[in-house]
Amino acid sequence: MQNNSADFKRQVTIKLADVRLQEALSHLQTRFVEGRSAVIGEIHDLQKTRNAAAEIRDRVLNDLEHWLLYFEQQATKRGAIVHWAETGADVNRIVAEIAVGHGVRSAVKSKSMVSEECGLNEALERAGVEVMETDLGEYILQIAHEAPSHIVAPVVHKNKEEISDLFAKTHRLPRKTGIAELCREAREILRPAFLNADMGISGANFLIAETGSTLIVTNEGNGRLVTTLPRVHVAITGIEKVVPTLEDASTLLRLLPRSATGQSITNYVSVLTGTKDKNDHEGPEHFHIILLDNGRSRLLGGEMQDMLRCIRCGACMNHCPVYQNIGGHAYGWVYPGPMGSILTPLLGGMENAPDLPNASTLCGACAVVCPVKIPLPDLLRKLREKQMQLGMKSRQETLLLRAWAWLALHPGIYGMTTGIAVRLMRLLGGEKKLLHSLPGARGWSGGRDFPAPQGMTFRELYRQGKRL
Amino acid sequence: MNARDKILGRIARTACAESGEEIAAYLAQHPRGPLPPPPENLLAHFAERALKLSSDILETSERAEVPAMLARYLQQNSLPMRGVCWPSLTNLPWRQAGLDMQPRPANGHDLVGVTGTFCAIAETGTLLLLGGEQTPATTSLLPETHVAIVDPTRIVATMEDAWDLLRREFKQPPRSVNFISGPSRTADIEQTVTLGAHGPYRVLLILAPA
């Protein structure tokens, strides 16, 4: 997928003014934020479980070479073929080769964010393979020619009416208005595609080293259909997705659906190992697993390694006040919200996403809800420091920060300057006690007034011995 | 150098925390993480959780009663009296109950699919089904109604207990191991949960001893 993260600021203005998007985003907050809080307490000892989950992910990341090789060995033993891909373009090439090699003309796909990194669908269509997305949300996006705006609820930015219009236009059937009817229509349109496809493409939530299995969590059943009916199955995932054992996967499964959609468990959890046995009536004859790096290995052993613990639940974006107001498209690439603000510059280049590390109030909600305890605000702060070192900040911002740093090192002058500034702002605030514009921060005051400071400064209060 | 060597080469430069023996020991022990407290009554807990997932539940003490019980359920819900069942379930008296259950994998047109269950997990009200020649996965997937016969003595407390049972009874996991937790659903449109996406619209559990 093309990276448009550099256009972030302009997109934010557009998204904030988009009334339909704002309405759609309110659903996300009620269903996902309240949904999570309703079931997360079912976990007997949440903090202990989160610690255990983080430990499982760290165990693998600290010895990733070993765990990947073990997984490869076990998967190969059961008849799977493991491929390694440096970039998204390599994934596309490998999948196209597999398709050509097995004479594949049509493919059905369940949701995979890693395949979105690659822009796989376009590449396969260029290779002459007809690809159909089968996750309801991804299917809607495919026929609308749009990108996902959330990693779990990809079509959260669209309302029912837009989907009704789209279905009526694309399917040439009478326009349906009920959500259940729309789902029924998509089921009936997609059923023949499942039954006739030569190849199924899926992601993998986890790779289980112990058994060489891929594990996928789904609700709609399309993930099961895609991996059961076609004669070729291709699973695409990132190299960081390995977990050691079935027990470790279970610990993570207690957290993943609860954090993602507020479900105690997803409808289906499928553990898929190898190809079909000779007596089986179903299951793929060929099973290919593609492991994508795309910049991930560079993060190992460095100060950003914790980001690789991520299990893609989306809780950080659901709880992020920035995401809640602008939605996912503004972020410009596959991964939005706090995790996306970190992953996008790390995987796609700092220079291509200059605003994302700053698109956070650092309120800390993301770190509180992260099931694998990724210190997201700390990582965002580290990226901001890196931007400073790389000279990516504007001249104005650099000067302001330098001036502030100098002042902070000279407490006497700091007190005097801030004292004067406070009085000046109070004076300018007038009767309404509001400032309409702030010099040097007109972007901020363009959309809101700044309340003028009231009463004494902290230093004055402190000198008087007052405690708040 | 191919992609595999390049990727592994970059990864290998980072520190190794555990020795080969430590990793082998970890795999051999497959330690459990923090578990939910064991329920007082496995069956009651399982049933409570399964109902929450929108599954229907019936219970009988006689396995031979299952077909008649299913026939009544299908009639009450205006569902067809025919479908497919796992080949391993052909010995039940389907015909006597007025049911036409074909012992074959489901195709896209079958409306009712009857399966057994490898075990059930009380923690979440989940069924665990293993795919195989006698136990095709499509039976629980393609039809609009999935009926699962659950042996109450094979309800375990946690996912971890289920893995132990699997390890005891099989050398290695079969090709497909599926957790099933109620009818398929989607909330992609306006985050509104709708039952019946690409899989079954309804799941009926019949608790009956083996």
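This passage describes a sheet shared by chains A and B and the contacts between the two chains. The structure is a predicted model, in which local features need pLDDT of at least 70, side-chain atom pairs count only at pLDDT 80 or more, and totals for chains, interfaces and linings use all residues. Residues are numbered from 1 along each chain as its sequence is written, with chains lettered from A and ligands numbered from 1 in the order in which they are written.

Helices (H or I, at least four residues) and strands (E, at least two) are DSSP runs, numbered from the N terminus, and two strands pair if DSSP finds at least two bridges between them. An open sheet of 8 strands, with mixed pairing, follows the order 8(A)-5(A)-6(A)-9(A)-9(B)-6(B)-5(B)-8(B). Its edges are strand 8 (242-243) of chain A and strand 8 (155-156) of chain B, each pairing on one side only.

Where the chains meet in this sheet, strand 9 (residues 268-272) of chain A runs antiparallel to strand 9 of chain B, joined by 5 bridges; Val271(A) has Val177(B) as its bridge partner. Within chain B, strand 9 (residues 176-180) is also joined by 4 bridges to strand 6 (residues 126-130), again antiparallel, and Leu127(B) stands opposite Ile180(B).

Taking contact as C-beta atoms, placed from the backbone, within 7 Å, 61 residues of chain B touch 76 residues of chain A. On the chain B side, helix 1 (3-12), helix 2 (20-29), helix 5, strand 9 and strand 10 (185-186) each supply at least two residues, and helix 1 of chain B gives the largest share, 8 residues.
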